[in-house]
Amino acid sequence: MSEAEESDQRRLARNVNELLQELRVAQAGVQILFGFLLSIAFTEKYSSVGTYIRVTHLVTVLCAAVAVAFLTAPAAWHRVLFRQGRREDVVDSGNTFALVGLAFLALAMTGTVLLLAEVIIGQDWASIVVGVLAFAIFSGLWFALPYASSKRAQNRERP
């Protein structure tokens, strides 16, 4: 193996490790959220809530489940492909899976905030405002600001 190939393999190994470390943080959070959301349906008060809350809850649980699937997929891909020397596939696919998983996690968090606001505030319009603010914070911090920062860096690098 040439020195360049070895450097490339080290870079890929580092990228895989960084990706899996980052996902451990998100996985723990989304799995706790998923458990919390599942437990809500088995409370006494849940039987008396309206259709709006039930549909919002179901959509939120589904978003959390999809987030779990996408955020754990890179670890599964790594386990299946790591002995085949396909780290680049793990990194490329894992990055996509992580971004999709984070998007669904943002939706699940937004739905959870919306549900809690509905229970605490009890007014549809006010809870929707709280949900929209939560969505704006998640999408802004997790996607819009990093994307804007990346674009600024690319523009600075161009001659």
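# Briefing on a predicted four-helix model

Across residues 55–77 the chain is 100% helix and 0% strand, and the C-alpha atoms at the two ends of this span are 33 Å apart. Helices here are DSSP runs of H or I with at least four residues, strands are E runs of at least two, and both are numbered from the N terminus. The model is predicted, so local features need a pLDDT of at least 70 and side-chain atom pairs count only at pLDDT 80 or more, while totals for chains, interfaces and linings use all residues. Residues are numbered from 1 along each chain as its sequence is written, and side-chain values rest on heavy atoms, with hydrogens and water left out.

**Overall architecture**

- The secondary structure of the protein amounts to 4 helices and 0 strands, in the order α-α-α-α along the sequence.
- The protein is more spread out than a compact globule, because its radius of gyration is 20 Å, well over the 15 Å that the globule rule gives for 159 residues. This radius is taken over C-alpha atoms, and the globule rule is 2.2 Å times the number of residues to the power 0.38.
- Taken along the principal axes, the box filled by the C-alpha atoms is roughly 65 × 40 × 20 Å.
- Buried residues account for 31% of the 159 residues. Buried means under 20% relative accessible area, exposed means over 50%, and partly exposed lies in between, with a 1.4 Å probe and protein chains only.
- Of the contacts between residues at least 6 apart in sequence, 74% join residues at least 24 apart; a contact means heavy atoms within 4.5 Å.

**Annotation from the record**

- The unreviewed UniProt entry places the annotation "transmembrane region" on residues 25–43, 55–77, 97–121 and 128–149. UniProt positions follow the numbering used here, feature names are shortened, and annotations may be inferred rather than shown by experiment.
- In one of these spans, residues 128–149, the chain is 100% helix and 0% strand, with end C-alpha atoms 29 Å apart.

**Helix geometry**

- The 31 residues of H2 should span 45 Å at 1.5 Å a residue, and the 44 Å between its end C-alpha atoms agrees with this. The expected span is 1.5 Å times one less than the number of residues in the helix.
- H2 bends by about 35° at Ala73, and the proline Pro74 follows within four residues. A bend is the angle between axes fitted to the seven residues ending at a position and the seven starting there.
- H3 contains 35 residues and reaches 49 Å from first to last C-alpha, close to the expected 51 Å. After H3 comes Gly122, whose phi is positive, near 80°.
- H4, residues 124–157, has 34 residues and reaches 47 Å between its first and last C-alpha atoms, close to the expected 50 Å. H4 bends by about 50° at Gly140.

**Nonpolar cores**

- The largest nonpolar core has 17 residues, and those touching the most other members are Leu23, Val30, Leu33, Leu37, Leu71, Leu105 and Ala108. Two or more residues of this core come from each of H1 (3–40), H2 (51–81) and H3 (87–121), and H2 gives the most, with 7 residues.
- Another core, of 6 residues, lies apart from the largest one, with Leu12, Val16, Leu81 and Val91 among its members.
- A nonpolar core is a set of buried Ala, Val, Leu, Ile, Met, Phe, Trp, Tyr and Cys residues joined through side-chain atoms within 4.5 Å.
- Leaving aside neighbours within four places in sequence, Ala108 is in contact with Leu33, Thr60, Cys63 and Ala64.

**Packing around H4**

- The buried residues of H4 are Ala126, Ser127, Gly131, Ala134, Phe138 and Gly140, and what covers them includes H2 and H3.
- Leu114 is placed in H3 and is buried, with a relative accessible area of 15%.
- Outside its neighbours within four places in sequence, Leu114 is in contact with Tyr52, Thr56, Ser127, Ile128 and Gly131. The C-alpha atoms of Leu114 and Ile128 are 6.4 Å apart, with their positions 14 residues apart in sequence.

**Two further residues**

- Thr56 lies in H2 and counts as buried because its relative accessible area is 13%. Beyond neighbours within four places in sequence, Thr56 is in contact with Gly111, Leu114 and Leu115.
- Arg14 is found in H1 and counts as partly exposed because its relative accessibility is 45%. Arg14 and Val91 are 77 residues apart along the chain, and their C-alpha atoms are separated by 9.9 Å.
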